[in-house]
Amino acid sequence: MNKEVKHLISKYFNEDRIPPAYAAFFGDISQLLDARQASASRLTSVADAALETVRRQLKDSLNVFGSSQDMDEYGRDAPSLIRLARRLKKECADRIFRQQKLLREMKHLKTIQSLASAGSWELPVINDELQMPGYWSDELFAVLGVRPGTVHPTSQVYKNYVHPDDRSYLAAAVGKAIKETGRYDIEYRMWRGEDPQQERTVREIGELVKDGATGKSTSLIGVTFDISDIRNTERALFKANVELRKLFDVMEDVFFSVNMEQEKLLQISPSCVQLYGYSVEAFFSTPDLWFTVIHHDDKKAVLESNKRLNKGESNQVEYRIRHKNGEVRWVEMRITPTLGHDGQLVRIDGIVTDVTKRREAELALANSELKFRSLLENSNDAITVTSEELRFLFVTQSLSRMIGYAAEEITGTSVFDFVHPDDHVTVNGLVNAMEKEPETPVHFEIRFRVKDDGWIWCEGSVTNHLNGDIVRGYIGNFRDVTYKIRYRKALEASNNRLKKTNNELDRFVYSVSHDLRAPLASVLGLLEYTMSETENEDVLQDLGMMKMSIEKLDRFILDILDYSRNARLEIKVQAVDFHQLLADIKDNLKFLHSRRSAVRFDINIQENGTFGSDAGRISILLNNLVSNAVRYADPEKADPFVEVNIAAGPEGADITVRDNGIGIAKEYHGRIFDMFFRVSEKSNGSGLGLYLAKETVDKLKGRITLASAPGTGTTFNIFLPSLFK
Amino acid sequence: MDSNNFNFEKVMVVDDAEIDRFLAKKVLTKHAFAREVLPLDSATNALNYLSENQENKEALPDLIFLDINMPKMNGFDFLEEYKKLPESVKKKCIIVMLSSSLLPEDRELAMNNPYVCQFLNKPLTGDKLKDVGNP
């Protein structure tokens with residue numbers, strides 16, 4: 001076979017599959033070409049018929065390609081046939097090439113449609129009406145969720161896949177495109193596989209194709225693609241963007257990045273306006289602005305700490321800046337460096353945060369801590385924290401000042417090393433008390449060892465804070481009270497001495513009064529006995545005078561006894577039974593003044609509730625006043641009397657002692673309560689009676705007044721408050 | 001007064017002061033208070049007497065006048081020891097405190113003692129005797 005023909009076939013055909021007609025044809029051509037090469041002249045003599053056949057076959061073949069119109073140019077001569085053959089060859093080659101290209105493009109289109117979830121379609125249009133059926137690409141079926149070819153590609157069927165709410169919208173867009181605009185581009189919802197659960201969003205672009213000659217619409221061609229994923233992504237992106245924007249808007253921190261090779265600011269976030277007072281533009285136009293605003297005292301430290309960035313270590317530094325408005329603010333800067341391949345610093349990214357408030361709070365805290373500590377250390381009270389095992393965990397300097405040991409010497413040692421051996425039992429008692437009631441201070445007085453100088457007394461309290469939040473342990477605070485304790489001990493001793501003296505005095509008064517009284521009583525008894533044994537008037541008169549004298553002495557002793565008791569004895573408050581009290585007084589009168597019992601003794605008592613006072617003292621008081629009334633009764637009066645009126649209750653007692661005795665002249669009223677004062681030489685009292693009455697009333701926190709006139713009588717008005725609390 | 005009509009058969013007077021024992025005896029006799037007065041000069045002797053005669057009902061006193069202030073053993077000490085004597089003794093004897101003490105404490109202490117039925121202030125007189133034994 002001719003080489004050229006062979007080459008042609010190999011180039012454009014699959015040699016094994018050349019149709020038989022073509023194969024014969026190619027054989028003929030090959031022969032012709034070979035013959036021509038052998039002898040052109042011989043050829044001319046070859047039958048024209050054969051050439052004509054070849055020519056006709058070539059023409060028919062070319063007709064297949066639709067290019068027969070100019071066939072007449074080619075003659076029956078060999079060169080013409082060769083040209084014809086060449087043309088056929090070319091046509092064949094072109095066609096094959098186009099077919100292959102088309103195939104390739106179809107493949108691409110299909111792939112593209114599938115990848116893009118984009119289905120294409122075409123519907124015929126006649127008289128501005130959509131016709132059925134049309135063409136749906138395989139991918140359109142896929143978009144609809146059905147297998148290609150399983151449904152008819154009509155707009156009626158298509159409608160079923162469209163979301164019911166969007167059907168009229170789609171129809172309107174299509175209608176408008178056909179009648180007016182010629183194009184539409186809309187989005188609508190689709191129910192994939194007619195399943196409402198599989199709702200998708202699609203975008204559809206349709207374009208009207210018109211006949212160039214008539215200007216009439218011939219078809220509507222378009223593409224429908226599933227954009228659900230895109231929309232979802234967009235929506236998510238939008239949301240993320242919004243959130244990011246929000247974040248940026250509220251973000252007070254300033255972000256920045258710097259290209260360190262060119263020392264060029266790459267970016268800085270807009271929050272710099274709030275933090276620094278300078279705009280983003282200001283930072284870009286003035287590269288060292290960030291450094292300029294740093295507080296003078298902090299500049300060096302910032303630079304120093306930034307050096308670590310060169311080693312690839314991130315840096316965090318706190319410093320002060322001066323805001324554009326003049327304020328000083330504390331910021332914290334955190335920088336992450338990026339090193340290049342050669343180990344050089346190429347870029348830094350950082351955040352600057354305003355920490356003024358935190359810093360101020362920290363400073364305030366540190367300040368208050370400082371104050372607190374200084375208070376602790378300068379206080380005269382020692383403060384200690386001890387463990388449960390009674391080892392000192394913490395002691396203040398004040399303890400060192402107090403006992404002479406350094407805080408370091410004390411810390412870690414046992415409490416017992418510093419407490420007087422006699423007080424160890426006290427310490428154990430404290431621990432027991434604290435265990436019973438945690439967080440309740442327990443008071444103590446303990447002797448502490450002083451370096452090289454014996455012991456000091458410390459007074460204070462200790463509290464169980466073993467379960468405390470901040471400090472765990474027994475917290476004690478105490479002070480040196482050695483002088484106080486010594487003073488108190490001295491006071492106690494002297495008080496005891498006084499008490500003893502007092503007791504002795506009391507016993508002395510008691511025994512003296514008794515020792516004096518006993519012989520008087522004996523003499524008095526004998527006198528009375530003797531008087532009852534004799535009828536001799538003279539003797540009786542003498543004995544009577546003796547008796548009076550002894551009685552006077554006896555009363556004097558009694559008064560002194562009463563006085564001493566009133567002055568020294570504690571007030572014994574109890575409910576006072578005035579009835580009993582006055583009955584006793586009446587009894588006393590009978591024995592002490594039997595000779596004058598002619599005086600009438602009237603008693604009126606009104607008790608409304610309980611009156612509390614010292615019954616013993618009230619008895620002394622009333623005894624004195626009543627016996628005075630009896631003693632100084634007016635012998636001229638026909639009916640001498642003494643009348644005691646008492647109205648007593650919880651508020652107090654009003655007492656009047658009234659008589660119609662000889663009375664007291666006005667000028668003596670001011671003095672009758674004085675000690676040893678006697679109105680006249682005729683009065684045979686001790687001069688102690690009314691003094692004692694007044695003293696007693698004072699002791700009972702009451703008051704006493706008198707109204708008296710010679711010849712009329714005397715009235716004492718007394719008020720005593722109830723001493724019940 | 002009928003000399004056979006005595007208030008009490010036998011009255012003991014316990015007092016360290018001779019003059020008071022003497023006076024008591026005179027007054028008690030004069031007012032026919034006691035047929036027999038038994039003066040004893042100390043609480044110890046009085047207790048001894050009571051103890052020795054605890055079985056002899058005739059010898060035991062019907063009433064005892066007891067002084068408080070006495071040397072060695074005072075009236076209250078006597079009462080403490082008296083408590084230990086057999087019931088037979090205590091049942092027969094009435095005790096009256098007779099003292100020159102006017103201290104309310106003494107009176108109170110005496111009256112709180114179950115064996116003391118009365119408290120009298122010295123001196124002992126005929127008037128005071130009227131109330132003794134029938135309070």
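**View 1. Arg347(A) and Asp349(A) form a salt bridge in chain A.** This is a predicted model. The two side chains meet at 2.8 Å, N to O. Arg347(A) has a relative accessibility of 29%, so it counts as partly exposed. Asp349(A) has a relative accessible area of 24% and is likewise partly exposed. Over all chains, the count comes to 47 salt bridges. Side chains of opposite charge can pair when their charged atoms come close.

**View 2. Arg358(A) and Glu362(A) pair along helix 14 of chain A.** Their side chains meet in a salt bridge of 3.5 Å, N to O. Helix 14 of chain A covers residues 356–378. The partners are 4 residues apart in this helix, which means that about one helical turn separates them. Glu362(A) is partly exposed, at 39% relative accessibility. Arg358(A), at 37%, is partly exposed too. The pair belongs to a network joined by salt bridges that share partners. Its members are Glu318(A), Glu332(A), Arg334(A), Arg358(A), Arg359(A) and Glu362(A).

**View 3. Lys130(B) and Asp127(B) form a salt bridge in chain B.** The N to O distance is 3.3 Å. Lys130(B) is exposed, because its relative accessible area of 59% is over 50%. Asp127(B) stands at 48% and counts as partly exposed. Helix 6 of chain B spans residues 126–129. Among the elements of chain B, this helix has the lowest mean pLDDT, 84. Strand 3 (residues 63–66) of chain B has the highest, 94. For chain B as a whole, the mean pLDDT is 87. In that chain, 95% of the residues reach 70 or more. Where pLDDT is low, the predicted coordinates should not be read in detail.

**View 4. Chain A and chain B meet in an interface that buries about 1,900 Å².** Carbon and sulfur atoms give 64% of that area. In chain A, Tyr510(A), His514(A) and Tyr529(A) lose the most area to chain B. Together they account for 30% of what the chain A side buries. The contact takes 18 residues from chain A and 20 residues from chain B.

**View 5. Lys30(B) and Glu533(A) form a salt bridge between the chains.** Their side chains meet at 2.8 Å, N to O. Across this interface the rule finds 1 salt bridge. Between the two chains, 3 residue pairs are in polar contact, with both residues at pLDDT 80 or more. Helix 18 (482–533) and helix 19 (537–568) of chain A each supply at least two residues of the side that touches chain B. The largest share of that side, 13 residues, comes from helix 18 of chain A. By residue type, the chain A side divides into 10 nonpolar, 4 polar and 4 charged.

**View 6. Asp106(B) is a buried residue in contact with Tyr510(A).** Asp106(B) lies in helix 5 of chain B, residues 104–111. Its relative accessibility is 9%, so it falls under the 20% cut-off and counts as buried. Leaving aside neighbours within four places in sequence, Asp106(B) also contacts Ile68(B), Phe76(B), Ser101(B) and Phe119(B) within its own chain. Its partner across the interface, Tyr510(A), is among the three residues of chain A that lose the most area to chain B.

Notes: Residues are numbered from 1 along each chain as its sequence is written. Chains are lettered from A and ligands numbered from 1 in the order in which they are written. Side-chain values use heavy atoms; hydrogens and water are left out. Buried means under 20% relative accessible area, exposed over 50%, partly exposed in between (1.4 Å probe, protein chains only). Contact means heavy atoms within 4.5 Å. Buried area is the accessible area (1.4 Å probe) that two parts lose on being put together, summed over both. A salt bridge is a side-chain nitrogen of Lys or Arg within 4 Å of a carboxyl oxygen of Asp or Glu. A polar contact is a pair of N or O atoms within 3.5 Å; within protein, one must be able to donate a hydrogen and the other to accept it, and residues adjacent in sequence count only if both atoms are side-chain atoms. Ala, Val, Leu, Ile, Met, Phe, Trp, Tyr, Cys and Pro count as nonpolar, Asp, Glu, Lys and Arg as charged, and the others, Gly among them, as polar. pLDDT is the predictor's confidence in each residue, from 0 to 100.
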